[in-house]
Amino acid sequence: MKDIFGVLNGVCEEYNWYISDIELNCSPPEELKHDQQFVNGELLKKIIAENDMQFIWAVFSAFPKGEMPIIEEIPYANGNKFFWVGSPSPQIKNASFEIVCFDSSLFLLIGIPESIGHKFKAKYTDSIDLDVYNQKRVN
């Protein structure tokens, strides 16, 4: 996530994040002890900067600052078949977008605004558009 938020400079701090389905390669820092929780962007940036950790599985759902809706269904990554069908959307209805850490080797950017997607694609030129990938799987 250090690399992802580094590329998406400023994005982390612009949102409140609902983080769920967390599995790390180490013991979680105190601020991430719960399997799901809201964390403001400034704190999340600090946690990521100060800890050497890899998210094996996790879903980061972005919400505008000040918004922390009641979450009825918890987003998940591991075993989520809906990522691989059509044009996936964030799992929480009013989330701005979602960043999914998938099996420690992939990042899925779901519903990401084009301006943010361009930053990511400029850095990771071998990235694949999930909508295009899913369309090719069908054909």
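In this predicted model, D103 has a relative accessibility of 40% and therefore counts as partly exposed. The residue sits in the loop between β4 and β5, the latter spanning residues 106-110. Its backbone deserves a look, since phi of D103 is near 55°, a positive value in a residue other than glycine. S104 is found in the loop between β4 and β5 as well, and its phi, near 60°, is again positive in a residue other than glycine. As a background to these two values, most residues other than glycine have a negative phi. With a relative accessible area of 37%, S104 is partly exposed.

Strand β4 itself, residues 97-102, holds E98, an acidic side chain in a setting worth a visit. E98 is buried yet takes part in no salt bridge. The nearest side chain of opposite charge belongs to K93, and it is 15 Å away. A salt bridge would call for a nitrogen-to-oxygen separation within 4 Å, so K93 does not come into play as a partner for E98 at 15 Å. What does the side chain of E98 reach at 2.8 Å? The answer is a piece of backbone, namely the nitrogen of Q91. Q91 also appears among the residues that E98 touches once those up to four places away in sequence are set aside. That list further holds P90 and I92, along with V59, F60, S61, P75, F83, L108, L109 and I110.

Turning to the nonpolar interior, the largest core has 29 residues, and the members that touch the most other members are W17, L44, F55, F60, F97 and I99. Two or more residues come from each of α1 (2-7), β1 (15-24), α2 (41-50), β3 (55-64), β4 and α3 (114-123). The element that gives the most is β1, with 5 residues. L44 offers a view of the packing: leaving aside neighbours within four places in sequence, its contacts are F5, C12, W17, I19, V39 and F60. A second core, separate from this one, has 10 residues, including I56, F83, I110 and L130. F83 and I110 are also among the residues touched by E98.

Aromatic side chains supply another thread, with 15 aromatic pairs counted. The ring centres of Y15 and W17 are 5.9 Å apart and the planes meet at 65°, so this pair is edge-to-face. Both Y15 and W17 are buried. W17 pairs with F60 too: here the centres are 6.4 Å apart and the planes stand at 75°, so the arrangement is edge-to-face. Because W17 lies in strand β1 and F60 in strand β3, the pair ties together parts that are 43 residues apart in sequence. F60 is buried, as is W17. Ring pairs also join these residues into a cluster made up of F5, Y15, W17, F55, F60 and F97.

How many salt bridges does a search of the whole structure find? The total is 4, and three of these are described here. In one of them, K45 pairs with E13, the closest N and O atoms being 3.1 Å apart. K45 lies in helix α2 and E13 in the loop between α1 and β1, so the pair ties together parts that are 32 residues apart in sequence. K45 counts as partly exposed at 41% relative accessibility, and E13 counts as partly exposed at 22%.

Helix α2 also contributes E42, which forms a salt bridge with K65, where the closest N and O atoms are 2.7 Å apart. Since E42 lies in helix α2 and K65 in the loop between β3 and β4, this pair ties together parts that are 23 residues apart in sequence. Relative accessibility is 43% for E42, so that this residue counts as partly exposed; K65, at 41%, counts as partly exposed too.

A further salt bridge links K46 with E50, with the closest N and O atoms 3.4 Å apart. K46 and E50 both lie in helix α2, 4 residues apart, which is about one turn of the helix. K46 has a relative accessible area of 44% and is partly exposed, whereas E50, at 56% relative accessibility, counts as exposed.

How values were computed
Residues numbered from 1 in each chain as written. Predicted model: local features only at pLDDT ≥ 70, side-chain atom pairs only at ≥ 80, totals over all residues. Heavy atoms only, no water. Buried < 20%, exposed > 50% of the residue type's maximum accessible area, 1.4 Å probe, protein only. Lys, Arg positive; Asp, Glu negative; His and termini not counted. Polar contact = N/O pair within 3.5 Å; in protein donor to acceptor, adjacent residues only side chain to side chain. Contact = heavy atoms within 4.5 Å. Core = buried A, V, L, I, M, F, W, Y, C linked by side-chain atoms within 4.5 Å. Phe/Tyr/Trp six-rings, centres within 6.5 Å; stacked < 30°, edge-to-face > 60°.
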